[in-house]
Amino acid sequence: MVLPKMKAVYEKNSGDLKLVSNVLSCVEKTLERLDRSQIIDEVLPMLWEVRLQDPEIILRVVNIYKLMLGDKKYGLSVNLMATRVMPSLLPQTVNPSLNLEQFTCLLEVLQDMLDQIDRNQRNKLKLDNMSLPSPERHRPLRHLYSSDNMHVPPFNIPNLRIEQRKTSSAEDMARKNSTGAIVKWCRFWSNKRSSRKHTKLPLYKHYLNKILYKALFTIYSNENIIFKSAFFTK
């Protein structure tokens, strides 16, 4: 009989902070005498409707939730914590009207709720993993359906013929002439290197000849380069 009267007083005077505070105080004191169904069907909906603006009202509501967290008989499940209770309390963590003590009390209750949700979900996920019949289900879906596990046949273009490029007679003649010129110059620089044993060249000419000799061999080894004309200076 007490709970319906308290609920009627709250509904008629929801804007009166003193009366709301007194109603919440009565709920806190009579919570142990209430049934689980009464708490779930009447007390919790009333707490969700309370305007959490005044620090005293916030502290009253937090104390009621703290009592419910201490015993499972009150019926405060992790689903209700995650979907209804915490979303209503979290905005009050930045309420400028709260002092340090009130903020600490609020944060402790939120942390306690979060810990219970964490334990419950971890145990549930562990049991779900143990009940899986096949180890294949432990593998992520993105791995099972990734392109690495898909066997795709090779892609061939029908009626496609690949032919070797035919060179013209002018290109062949230019290549032969360029190759002959390179061979002559390589022999020339080889003789120059052998004659350097008896002739001391300046240091910079020695390095210049060495670089030019390597360049000639590099050009000679590349079969795709066609020389049309070449000019060399001593």
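Begin by selecting helices H2 and H4 in this predicted model: their axes come within 10 Å of each other and cross at roughly 15°. That angle, being under 35 degrees, makes H2 roughly parallel to H4. If you turn the view until one helix lies in front of the other, the crossing by which H2 passes H4 is left-handed.

Now show the side chains along this pairing. From H2, select Leu 17, Val 20, Ser 21, Leu 24, Ser 25, Val 27 and Glu 28, which meet Glu 56, Ile 57, Arg 60, Val 61, Asn 63, Ile 64 and Leu 67 in H4. Centre next on Ser 21, which is found in helix H2, and ask whether it is buried or exposed. With a relative accessibility of 5%, Ser 21 counts as buried, because the cut-off for that class is under 20%. Leaving aside residues up to four places away in sequence, the residues that Ser 21 touches are Glu 56, Ile 57 and Arg 60.

Keep H2 (residues 17-30) on the screen and add helix H1 (residues 2-12), whose axis comes within 9 Å of that of H2 and crosses it at roughly 160°. H1 and H2 are therefore roughly antiparallel to each other, since angles over 145 degrees are classed in that way. The contact is made on the H1 side by Met 6, Val 9 and Tyr 10, and on the H2 side by Val 20, Val 23, Cys 26, Val 27 and Thr 30. H1, too, passes H2 in a left-handed crossing. Val 20 and Val 27 deserve a separate colour, as both are listed in the contact with H1 and also among the H2 residues that meet H4.

Move on to helix H5 (residues 78-89), and select its buried residues, namely Val 78, Leu 80, Met 81, Val 85, Met 86 and Leu 89. Looking down the axis of H5, you will find these residues within an arc of 130°, so they line one face of the helix. On the other side of H5, select Asn 79 and Thr 83, which are exposed. To see what lies over the buried residues of H5, display the elements that cover them, which include helix H3 (36-49), helix H4 (55-69) and H6. H4, the partner of H2 at the start of the tour, thus returns here as part of the cover of H5.

From there, follow helix H6 (residues 100-130) and select Asp 118 and Arg 122. Asp 118 forms a salt bridge with Arg 122, in which the closest N and O atoms are 2.7 Å apart. Why do Asp 118 and Arg 122 lie about one helical turn apart? They are 4 residues apart in H6, and that spacing separates them by about one helical turn. An α-helix has 3.6 residues a turn, so residues three or four places apart point the same way. Colouring by accessibility sets the two partners apart, as Asp 118 is partly exposed at 36% relative accessibility, whereas Arg 122 is exposed, with a relative accessible area of 52%. A search of the whole structure finds 1 salt bridge.

Finally, zoom out to the whole protein chain, which has 9 helices and 0 strands and which, read along the sequence, follows the pattern α-α-α-α-α-α-α-α-α. Buried residues make up 24% of its 234 residues. Of the contacts in the chain with a separation of 6 or more, 63% are between residues 24 or more positions apart.

Note on methods
Residues numbered from 1 in each chain as written. Predicted model: local features only at pLDDT ≥ 70, side-chain atom pairs only at ≥ 80, totals over all residues. Heavy atoms only, no water. Salt bridge = Lys/Arg side-chain N within 4 Å of Asp/Glu carboxyl O. Helix = DSSP H or I, 4+ residues; strand = E, 2+ residues; numbered from the N terminus. Buried < 20%, exposed > 50% of the residue type's maximum accessible area, 1.4 Å probe, protein only. Arc of directions from axis to C-beta. Contact = heavy atoms within 4.5 Å. Axes fitted to C-alpha atoms, helices over the stretch in contact; angles between N-to-C directions. Parallel < 35°, antiparallel > 145°, perpendicular 65-115°, else oblique. Left-handed = near helix turned anticlockwise from the far one by under 90°.
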